[in-house]
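Reader: I would like a close look at a single part of this protein, namely its nonpolar interior and what lies beside it. Could you take me through that part with some care?

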Amino acid sequence: MSVSKTVERASAALAEPYRRIAVIGAGSWGTALASVARRAGREVIMWGRDEETVRAIRERAENPRYLPEMALPSGIEATTDMAEALNGAEAVLIVTPSKTLRSICRQMKPHLAPRVPVALCAKGIEAKTGLLLGEVAASELGDNPVGALSGPTFAKETVLAHPTAATVAFDFSYQDRLDPQNAPAARLAISMSSESFRPYISDDLVGVEIGGAVKNVIAIACGMMSGAGFAENTRAALITRGMDEMKTLAENLGGRRETVTGLSGAGDLTLTCSSTTSRNMSLGMQLGQGLKRDECFGGKKVVVEGEVNSVSVIDLARRIGVTLPICEAVYTILHENADITQTFRDLWARPIEAEPKGMPIQFKHPFGEPA
């Protein structure tokens with residue numbers, strides 16, 4: 001056995017799980033992650049705003065509002081009191097909508113012990129500031145390490161203990177590289193590991209966050225084309241070129257292109273673009289079928305992260321001079337009332353270019369705009 005393999009296995013064996021994990025957010029994904037942590041043997045407490053939901057989790061081990069008729073592992077605590085939720089927590093998962101992250105961090109700050117790691121489980125970029133969610137949390141929490149947990153996951157399948165994999169990403173300090181078994185990413189990955197849930201460790205927080213934010217926008221594009229009657233060729237093209245947009249944005253912000261080919265990028269993108277279980281895909285499909293936005297989801301007000309993300313992703317891309325054609329198409333349709341058919345026709349008629357980044361070739365498309 002090589003020295004590197006010996007060290008690798010020793011590090012894995014010595015990584016100590018966090019004893020008590022607080023899950024901030026009692027929606028479907030928060031409930032799923034609480035179930036994962038509890039199955040892995042952790043003490044788990046959830047925080048939520050809705051007293052009825054919290055009571056159901058605490059007293060009946062179920063979340064009838066978000067995951068009806070699904071039994072949760074016994075022993076999950078739940079509260080509406082932030083101080084109680086964070087008391088004694090050794091790690092925290094924030095699983096609230098991206099637009100509420102800053103206010104949630106401010107609620108947490110007075111009750112959060114120093115150096116307790118915080119993993120973000122929502123995906124997006126803050127509107128107006130263009131900050132990644134990790135930057136938002138770090139600016140509010142100060143001394144607490146901030147990372148992310150992301151990957152191709154649907155809440156219902158996770159609660160049912162279907163085999164699932166995800167990425168746990170934190171920036172690695174010099175000390176983390178010398179002593180990896182005590183790095184927050186390693187300890188949280190071990191803490192969440194079970195027979196059905198397999199985390200992978202990453203030090204590329206930027207790459208993981210960009211993958212999570214952009215894939216929601218690409219999923220809306222795939223839904224629009226499916227709703228309009230197109231099939232697998234179109235979806236495959238959008239997924240592949242959408243992944244290139246994710247790589248481009250990540251790389252320009254200091255992330256690594258290879259991260260986007262992993263679970264938090266390609267994996268999550270493929271899942272989200274393949275099923276109407278995803279609200280992003282579902283919204284796109286309904287719009288592609290000709291429904292107006294206020295008619296989608298039966299007229300119910302449903303928060304769709306990709307709809308929100310499309311604004312912040314394009315705002316950020318424009319600020320740093322990066323072109324994201326698919327994301328731009330989705331943005332103009334959702335927020336500038338552009339026609340779906342014409343917008344995607346224009347997308348397909350953009351100048352012909354090389355796929356390898358190293359080939360500086362571009363030709364006018366014969367069916368593109370006249371000179």
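Author: What follows describes the largest nonpolar core and then the pockets whose linings draw on some of its helices. The model is a predicted one, and every value given here is computed from it. The largest nonpolar core holds 44 residues, and among these Val214, Met224, Leu238, Val313, Cys327 and Phe344 touch the most other members. Two or more residues come from each of helix 10 (205-227), helix 11 (232-252), helix 13 (263-272), helix 14 (279-288), helix 15 (305-320), helix 16 (325-335) and helix 17 (340-348), with helix 10 giving the most, eleven residues. Taking Phe344 as an example, and leaving aside residues up to four places away in sequence, its contacts are Ala221, Met224, Met225, Leu238 and Ile333. A separate second core of 37 residues includes Leu72, Ala91, Ala166 and Val168.

Turning to the pockets, the largest one encloses about 1,600 Å³ of space, and of the 42 residues that line it, Gly27, Ser28, Trp29, Tyr66 and Arg279 lie nearest its centre. Helix 10, helix 13 and helix 14 each supply at least two residues of this lining, as do helix 2 (28-39) and helix 7 (155-159), and the lining divides into 16 nonpolar, 14 polar and twelve charged residues. The second largest pocket, of about 720 Å³, has 27 lining residues, with Arg241, Asp244, Pro325, Arg350 and Glu353 nearest its centre. Helix 11 provides the largest share of that lining, seven residues, while the lining as a whole has 14 nonpolar, six polar and seven charged residues.

Methods:
Residues are numbered from 1 along each chain as its sequence is written. This is a predicted model: local features need pLDDT of at least 70, side-chain atom pairs count only at pLDDT 80 or more; totals for chains, interfaces and linings use all residues. Side-chain values use heavy atoms; hydrogens and water are left out. A nonpolar core is a set of buried Ala, Val, Leu, Ile, Met, Phe, Trp, Tyr and Cys residues joined through side-chain atoms within 4.5 Å. Buried means under 20% relative accessible area, exposed over 50%, partly exposed in between (1.4 Å probe, protein chains only). Helices (H or I, at least four residues) and strands (E, at least two) are DSSP runs, numbered from the N terminus. Contact means heavy atoms within 4.5 Å. On a 1 Å grid over the protein atoms alone, a cavity is a set of points where a 1.4 Å probe fits but cannot get out, and a pocket is an open set with protein on both sides within 12 Å along at least five of seven lines; lining residues have an atom within 4 Å of a point. Grid points are joined across faces, edges and corners, and a volume is the space filled by probe spheres set on the points. Ala, Val, Leu, Ile, Met, Phe, Trp, Tyr, Cys and Pro count as nonpolar, Asp, Glu, Lys and Arg as charged, and the others, Gly among them, as polar.
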